[in-house]
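Student: Please take a close look at one part of this structure. Then relate that part to the rest of the chain.
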Amino acid sequence: MKTEKLAKQAPVSGKDVLQVAGRAGVSQERQLADLGADGIVSNAMTARAFLTPSQPNLSITELVASVQAHGERVNSNDLAAAEQMLVAQAIALNSIFAEMARRSALNMGDYLDATDRYMRLALKAQGQCRATLETLAAIKNPPVVFARQANIAHGPQQVNNGVAPGRTQGAPAHAYEQTGIKSNELLEIEDGKRLDAGAQGTAGLANPKLAAVGTVNRSKVGRGTRQSSAKQL
C-alpha cells in the first residue's frame, strides 16, 4: 500500500492576512463582502500582486487601508494625491518613450523590424504621456461648456410665456382662445364697429389748436356716382 505524503503548506504570515476592524452587529464575513463589493480589497490585491517583486514585505491590511484613505480624500474633493500620481505617471511614461526610442535608433539600418517595433512602443508611450498630462490639465482647469437649449418636440408643442391680457393665472389655454379677442380680428372689429377709413377724426392732444379735417375736403362725387360712371364707360 502506497502512502502519499501531504505537501507542507507554507505558514501564512501576518502581511498576507487581511485584518478588518469589527463593527457592532455585523459579522466578519459581511464586512469582507462589503469591502469586496466596494472594490477596495480586489484593487488593493491587484496592486499588491504587481508591487510584490519590488516590495515583498507589503502588508495587504495596510494597503487596503491606504486605498480606502485615498478614496475618502477624493470624496472630500481633495485631489492632491491624484494630481501627484498623474505627474509621476507622466514622468514614467516619458522615460519609457525615451528608452524605446533609443533602442529603435540602435537597430536602425540593420534590423528594420526591431526598429519599427521599438518605435511603435515609443510612440504609444508618448501618446499615453500626452493623455495623462491632458487629464491633469483638465483637473486643474476644468473646461467651460457653453450649451444651447434645444427645442425638440415629437408632436404638437405649446409654450406659454407669462399670462396673456384678459386671462387669469392658471386658466386653461383653450378657455382663453374661445372667449378672448383674436389678434387677426383687431383690425376689423373694435367694440362691435367696423373701422371706417373715411370717418372724420378728432383733434389730437399733442396740438389742440389744429382741428380735424372737415368734410368739406372730401370728394363731392359719391361712391354710387363713380360706379355708375364706370358702367357707362
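Tutor: F97 lies in helix 4, where helices (H or I, at least four residues) and strands (E, at least two) are DSSP runs numbered from the N terminus. The model is a predicted one, in which local features need pLDDT of at least 70 and side-chain atom pairs count only at pLDDT 80 or more, while totals for chains, interfaces and linings use all residues. Residues are numbered from 1 along each chain as its sequence is written, and side-chain values use heavy atoms, with hydrogens and water left out.

The relative accessible area of F97 is 26%, so F97 is partly exposed; buried means under 20%, exposed over 50%, and partly exposed in between, with a 1.4 Å probe and protein chains only. Its C-alpha atom is 4.3 Å from that of A122, although the two residues are 25 apart along the chain. A122 is also one of the contacts of F97 (heavy atoms within 4.5 Å); once neighbours within four places in sequence are set aside, F97 is in contact with A122, A125 and Q126.

Helix 4 also holds I91. I91 counts as exposed because its relative accessibility is 53%. I91 and C129 are 38 residues apart in sequence, and their C-alpha atoms are 7.7 Å apart in space.

T132 belongs to helix 5, which covers residues 112-140. With a relative accessibility of 9%, T132 counts as buried. Not counting residues up to four places away in sequence, T132 touches L86, Q89, A90 and L93.

Before helix 4 comes a loop that links helix 3 to helix 4, and N77 is placed there. N77 has a positive phi of about 65 degrees, yet N77 is not a glycine. Its relative accessibility is 70%, so N77 counts as exposed.

Helix 4 (80-107) also contributes to the largest pocket, as do helix 2 (40-51) and helix 3 (60-75); each supplies at least two residues of the lining. The search uses a 1 Å grid over the protein atoms alone: a pocket is an open set of points with protein on both sides within 12 Å along at least five of seven lines, a cavity is a set of points where a 1.4 Å probe fits but cannot get out, and lining residues have an atom within 4 Å of a point. The largest pocket has a volume of about 250 Å³, that is, the space filled by probe spheres set on the points, with grid points joined across faces, edges and corners. Its lining residues are A47, L51, Q55, L58, L63, S66, V67, H70, V74, A81, A82 and M85. Helix 3 gives the largest share of that lining, five residues. By class the lining has nine nonpolar, three polar and no charged residues, where Ala, Val, Leu, Ile, Met, Phe, Trp, Tyr, Cys and Pro count as nonpolar, Asp, Glu, Lys and Arg as charged, and the others, Gly among them, as polar.

L63, one of the lining residues, sits in helix 3. L63 is buried because its relative accessible area is 12%. Apart from neighbours within four places in sequence, L63 is in contact with A44, A47, R48 and L58. The C-alpha atoms of L63 and N43 are separated by 9.8 Å, with the two positions 20 residues apart in numbering.

L63 is also part of the largest nonpolar core, whose nine residues are L18, L35, I40, V41, A44, L58, I60, L63 and V64. Helix 2 and helix 3 each supply at least two residues of this core. Such a core is a set of buried Ala, Val, Leu, Ile, Met, Phe, Trp, Tyr and Cys residues joined through side-chain atoms within 4.5 Å. I60, another core member, is in contact with K15, D16, V17, L18, A44, M45 and R48, leaving aside neighbours within four places in sequence.

As for the whole chain, its secondary structure comes to seven helices and two strands, in the order α-α-α-α-α-α-β-β-α along the sequence. Of its 233 residues, 13% count as buried. Among contacts between residues at least 6 apart in sequence, 40% join residues at least 24 apart.
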